[in-house]
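Visitor: Please take me through one part of this model in close detail. Pick a single strand and follow it through its surroundings.

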Amino acid sequence: MNAAIRAATMVAIAKGHRMLGARHGYRGLLDGELVPIGVDEVTEILRDGGTFLHSARCRRFFEPGPRARAREVLVQHGVDGLIVVGGNGSLTGLELLSNVTEAGDWPVKVIGIPASIDNDIALTGLAIGVDTAMNTIVEACDRIADTASAHDRTFIVEVMGRECGYLAMTSAIASGANMVLFPEASRTEEELVDSVVKTILTVRERHRENPKVVAIKAEGVATPTERLKSLVDARLREEAGDSLDEDDEIETRVTVLGHVVRGGRPTAFDRLLGSRLGNVAVRALLAGEHRKMVSWLPPMDLPEGVGARSKDDPYCYLVDLPAVLAATKQLLEGESPLARWRATAFDDLEDVFLL
Ligand code: F6P
């Protein structure tokens, strides 16, 4: 996110504009925490994860009264354009803030930039943070694979992603995991246990010299990871029956990567992505665009009238903000074409992973 703030600030200043930052996001906007930011504040932040302005979850912002106050604060500070960098909640806040039924002829133009490791925002191929998170997961899995290999063990590695399995799916491919469990597949508990046990037994059969298994599980899968582990271990003991030697390693191990995946030095790609989205966001505001999200290479054709390629960067699109939120809802409910594709994308790959 720092890369986006930095690029937006530098482009705006180069074009002769003044930049303010809202410390703690919407919370700061409500509490009047608007601070001037210039080149000195942003030149060095590219290397840092997170946001130097700090962020906060802000429940108050979902009430009309506080939103009216936020509009006033922005006008009082002479703001004529607002860029919000964030996930579904932040973009929903931006839609509500700028919705004409509530905002009337409020003079501030708004643009959103998608940022969420979950990659659960629709109509953009990527959000800021996904690549860094994926790299962290892959590095962690490489390390875990060494222990799994040395001890002939199975590891279930849980990764963040809220209700979305994107991070789990992509990092399973990129780390060469043996399997991936993700919520979009809607498997029952029994099916989950079956598939993990099948993977372990198949790998043990096919790779007797190195029967390690790394299974990546998205946090959004309904069965808690520790419970899955116990059910898998119990089933393995059942399957092994009397043939079990007291030295046989039958227990799986669990690693929950959690917030480790949310921070750290941004990858080169994330810095580039943030910078390009920030650049396009400022230029879009200056061109008079309003209630749009800057999107990176949408994975599906955009519906008629919903968005257009940016004139400033051919990899970026400007997409209607309410359409993004509606499509995100469908994506999270499993009802969009992308959600359907994600749900079935691994069906034919399961056997390939097992080889
Ligand atoms: O949305 C990003 C995310 O990291 C999710 O992957 C995770 O479920 C959630 O936020 C964790 O939120 P918190 O930091 O508030 O516990």
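Guide: What follows is a close look at strand β6 and its surroundings in this predicted model.

Start with the sheet. Four strands form it, in the order β6-β7-β5-β8. The sheet is open, and the pairing is parallel. β6 covers residues 179-181 and stands at one edge, while β8 (253-256) stands at an edge too. Each has a single partner strand, so one side of each is left without a neighbour in the sheet. On average, neighbouring strands here are turned by 20 degrees against each other, direction ignored.

Now the partner. β6 pairs with β7 (residues 213-218) in the parallel sense, over three bridges. One bridge partner can be named: Leu181 is matched by Lys217 in β7.

Next, the helices. α9 (residues 189-206) packs on the sheet and touches β5, β6 and β7. The direction of α9 makes about 170 degrees with that of β6. Helix α7 (residues 130-150) also packs on the sheet, with contacts to β5 (154-159), β7 and β8. Its direction makes about 165 degrees with that of β5.

Last, the cavity. The count comes to one cavity of 30 Å³ or more. The largest cavity has a volume of about 130 Å³. Its lining has 14 residues; the closest to the centre are Val180, Phe182, Arg187, Phe346 and Glu350. β6 gives the most to this lining, with three residues. Helix α14 (350-354) supplies at least two, as β6 does. By class, the lining divides into ten nonpolar residues, one polar and three charged.

So much for the surroundings of the strand.

Conventions: Residues numbered from 1 in each chain as written. Predicted model: local features only at pLDDT ≥ 70, side-chain atom pairs only at ≥ 80, totals over all residues. Heavy atoms only, no water. Pairing = 2+ DSSP bridges. Axes fitted to C-alpha atoms, helices over the stretch in contact; angles between N-to-C directions. Contact = heavy atoms within 4.5 Å. 1 Å grid on protein atoms, 1.4 Å probe; cavity = no way out; pocket = protein on both sides within 12 Å on 5 of 7 lines; lining within 4 Å. Points joined across faces, edges and corners; volume = space filled by probe spheres on them. Nonpolar A, V, L, I, M, F, W, Y, C, P; charged D, E, K, R; others polar.
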